[in-house]
Each structure stands twice: as structure tokens, then as C-alpha cells.
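Visitor: Can you walk me through some helix packing? I have the model open.

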Amino acid sequence: MFEALTSRIPDTELRSRKLAQGAWLFHQGDQVRSMFFVLAGSVELVRHSPEGKPVILQRAGRGATLAEASLFSDSYHCDAIATEISEMAEVPRSSFLELITSDPEFASAWMEHLARQVQSARLRAEILTLKTVAQRLDAWLAFAGGVLPERGGRSRLAHQIGVSPEALYREIARRKQ
């Protein structure tokens with residue numbers, strides 16, 4: 001899906017942008033000037049509650065688009081922060097909107113991508129309603145084809161399903177017995 005989108009964007013419109021871990025891609029209130037694709041690494045969209053508590057709206061890894069809804073806003077409604085060394089492809093907003101209106105294949109690929117994003121968000125919401133670590137892990141595994149991420153990615157999985165890394169590790173160890 002990612003390649004179906006990026007392959008239709010002219011090279012002259014794509015800019016590569018590298019981010020160090022902890023670097024900001026944009027801040028809440030910044031003017032929307034670009035559409036971003038994650039080529040490598042991970043970026044989180046974060047909004048702060050009135051009490052100052054960070055709320056993670058999106059964890060975007062390789063192959064994800066970032067802040068899609070902002071394409072139709074004047075300014076960002078959250079912050080984007082790299083959680084590890086990351087590389088982004090940046091497309092000017094005006095060029096991206098022009099592609100949507102002028103290239104039916106691109107528009108179709110974009111709509112399919114957005115539909116998959118909605119499906120994924122609904123799955124995450126459903127997983128977060130489950131009571132136990134085992135239930136949450138089972139639901140995630142059913143979606144992911146039954147394959148756990150490698151050891152380095154399990155902490156990220158724990159955060160995705162709303163459990164502590166330690167609780168996830170205990171559940172995985174229990175299943176190996």
C-alpha cells in the first residue's frame with residue numbers, strides 16, 4: 001500500500017528528512033505545509049491533556065503516513081516526535097492535494113490507505129476494551145497473523161495494546177511453558 005502511494009509521487013516532489021530520536025517533526029499550531037511518510041523509524045503524534053498528561057494519538061512506523069487529517073487543516077492539532085532515529089519522505093501539501101484531484105489511481109490508493117487506517121484504529125480501540133493481557137495479545141495476534149515481533153519490538157507491542165512491557169513478557173513466557 002505504501003509503495004502504491006509513494007511510487008505515484010514525482011521524485012521532484014519528494015524530500016527526505018532525517019530525525020534524531022526525540023526530535024520534533026512539527027508542533028501543535030504549526031502551519032500544515034507537508035504530508036509525511038515514515039520511511040524508517042517511528043514517530044508519535046502527541047497531544048497534551050488539560051492536566052499536561054501526554055496522550056499518544058498515533059504511533060507511526062515504517063510505511064505509515066502521519067497526521068493524514070491535517071491535510072485538510074490549516075494547522076496541526078498535535079506534536080509529532082521521533083521515538084527513534086527516523087527518516088521521513090516529505091511531500092508539499094499543495095502537490096499532494098493536486099495528485100488526489102488529478103490522478104485517479106493515486107486517489108484510489110489514498111482512499112484505500114485511509115480505509116485501512118480506520119480499520120487499524122478500530123482494532124486498536126477494540127483491543128483496548130479487552131480486560132486481560134491474554135485477551136489483548138490474542139486479539140493482536142489474530143490481526144498480525146499469529147506472529148510476535150522480535151524481542152526488540154515487543155516493548156512497542158506492549159504500548160500498542162495498552163499493557164506494561166513486563167506484563168506482556170510474563171504472558172509470552174506463560175505461553176511458552
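Visitor: Which residues are buried in helix 6?
Guide: In helix 6, the buried residues (under 20% relative accessible area, 1.4 Å probe, protein chains only) are Pro165, Ala167, Leu168, Glu171 and Ile172. They lie on the same side of helix 6, because their arc around the axis, taken from the directions to the C-beta atoms, is only 165°.

Visitor: What kind of model is this?
Guide: The model is predicted, with local features needing pLDDT of at least 70 and side-chain atom pairs counting only at pLDDT 80 or more, while totals for chains, interfaces and linings use all residues. Residues are numbered from 1 along each chain as its sequence is written, and side-chain values use heavy atoms, leaving out hydrogens and water.

Visitor: What do the buried residues of helix 6 pack against?
Guide: Helix 4 (133–143) and helix 5 (154–160); contact means heavy atoms within 4.5 Å.

Visitor: At what angle do helix 4 and helix 6 pack?
Guide: About 75°, with the axes 10 Å apart. Helix 4 and helix 6 are therefore roughly perpendicular, a term for angles of 65 to 115 degrees.

Visitor: Which residues of helix 4 make the contact?
Guide: Val133, Ala134, Leu137, Asp138 and Leu141. By class, the contact of helix 4 with helix 6 has seven nonpolar, no polar and four charged residues.

Visitor: Switching topic, how do helix 2 and helix 3 cross?
Guide: The axes of helix 2 (residues 93–102) and helix 3 (residues 104–129) cross at roughly 105° and come within 5 Å. Phe96, Leu99, Ile100 and Ser102 of helix 2 meet Pro104, Phe106, Ala107 and Trp110 of helix 3.

How values were computed:
Axes fitted to C-alpha atoms, helices over the stretch in contact; angles between N-to-C directions. Helix = DSSP H or I, 4+ residues; strand = E, 2+ residues; numbered from the N terminus. Buried < 20%, exposed > 50% of the residue type's maximum accessible area, 1.4 Å probe, protein only. Parallel < 35°, antiparallel > 145°, perpendicular 65-115°, else oblique. Nonpolar A, V, L, I, M, F, W, Y, C, P; charged D, E, K, R; others polar.
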